[in-house]
Amino acid sequence: MNSRAIPIPDFIAGKWSLLQPEPPGTKNWDTEIAELEAYFKNTTLPVDPVKLNRYTTITDCSLFIESHLTTVKANNGKRTFLPYLKQLQSFRAVCSKKEKII
């Protein structure tokens, strides 16, 4: 029997990770977050469900805004959480269109 140790590949040994740190110079979203907060603060939210796209329907608008803003503030600038910011921006666009119709 061969008692020679087999080296563990780097990705198993922890030298490689799926959660790489953000690259230097990563942009934060302070401006975008402030714009969204100002918009939603001064806007009457829809009471009916809002369809963002064919896969996403928001049934509780205030909860959606609160939870997504909390998430983007806590993870400001992290690419993994960019979809939360994008969904807030999409929601703002849908609300703006509905305001113009009224």
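Visitor: Why do Lys73 and Glu37 count as a salt bridge?
Guide: The term asks for a side-chain nitrogen of Lys or Arg within 4 Å of a carboxyl oxygen of Asp or Glu. The closest N and O atoms of Lys73 and Glu37 are 2.4 Å apart, so the pair qualifies. This pair ties distant parts of the chain together, with Lys73 in helix 3 and Glu37 in helix 2 (residues 30-41), 36 residues apart. Bear in mind that this is a predicted model: local features need pLDDT of at least 70, side-chain atom pairs count only at pLDDT 80 or more, and totals for chains, interfaces and linings use all residues. Residues are numbered from 1 along each chain as its sequence is written, and side-chain values use heavy atoms, leaving out hydrogens and water.

Visitor: What makes Lys73 buried, exposed or partly exposed?
Guide: The cut-offs are these: buried is under 20% relative accessible area, exposed is over 50%, and partly exposed is in between (1.4 Å probe, protein chains only). Lys73 has 45%, so it is partly exposed. Its partner Glu37 has 31%, which makes Glu37 partly exposed too.

Visitor: How many salt bridges turn up in the whole structure?
Guide: The search finds 2. Besides the Lys73 pair, there is one between Glu32 and Lys27, with N to O at 2.5 Å. In general, side chains of opposite charge can pair when their charged atoms come close.

Visitor: Are Glu32 and Lys27 buried or exposed, and what makes them so?
Guide: They get opposite labels: Glu32 has 17% relative accessibility, so it is buried, whereas Lys27 has 53% and is therefore exposed.

Visitor: How do you know what counts as helix 2 or helix 3?
Guide: Helices (H or I, at least four residues) and strands (E, at least two) are DSSP runs, numbered from the N terminus. On that basis the protein chain has 4 helices and 2 strands, in the order α-α-β-β-α-α from the N terminus on.

Visitor: What should helix 2 span, and what do its end C-alpha atoms say?
Guide: The expected span is 1.5 Å times one less than the number of residues. Helix 2 has 12 residues, so it should span 16 Å; its end C-alpha atoms are 16 Å apart, which agrees. Helix 3 passes as well: its 14 residues should span 20 Å, and its ends are 20 Å apart.

Visitor: Why are the buried residues of helix 3 said to line one face?
Guide: Those residues are Cys61, Phe64, Ile65, His68, Leu69, Thr71 and Val72. Looking down the helix axis, they fall within an arc of 160°, so they line one face. The arc is that of the directions from the axis to the C-beta atoms. The face turned away from that buried side carries the exposed Glu66, Thr70 and Ala74. As background, an α-helix has 3.6 residues a turn, so residues three or four places apart point the same way.

Visitor: What makes Thr71 buried, and what does it touch?
Guide: Thr71 sits in helix 3 (residues 61-74), and its relative accessibility is 19%, so it comes under the 20% limit and is buried. Contact means heavy atoms within 4.5 Å. Leaving aside neighbours within four places in sequence, Thr71 is in contact with Phe81 and Tyr84. A polar atom of the Thr71 side chain also lies 2.9 Å from the backbone oxygen of Ser67.

Visitor: Where is Asn75, and why is it labelled buried or exposed?
Guide: Asn75 is in the loop between helix 3 and helix 4. With a relative accessible area of 14%, it is buried. Not counting residues up to four places away in sequence, Asn75 touches Trp29 and Phe81.

Visitor: What makes a group of residues a nonpolar core, and which members touch the most others here?
Guide: It is a set of buried Ala, Val, Leu, Ile, Met, Phe, Trp, Tyr and Cys residues joined through side-chain atoms within 4.5 Å. The largest one has 18 residues, of which Phe40, Phe64, Leu69, Val72, Leu88 and Phe91 touch the most other members. Helix 2, helix 3 and helix 4 are the elements that give this core two or more residues. Phe64 touches Leu52, Ile58, Gln87, Leu88 and Phe91, residues up to four places away in sequence not being counted.

Notes:
Polar contact = N/O pair within 3.5 Å; in protein donor to acceptor, adjacent residues only side chain to side chain.
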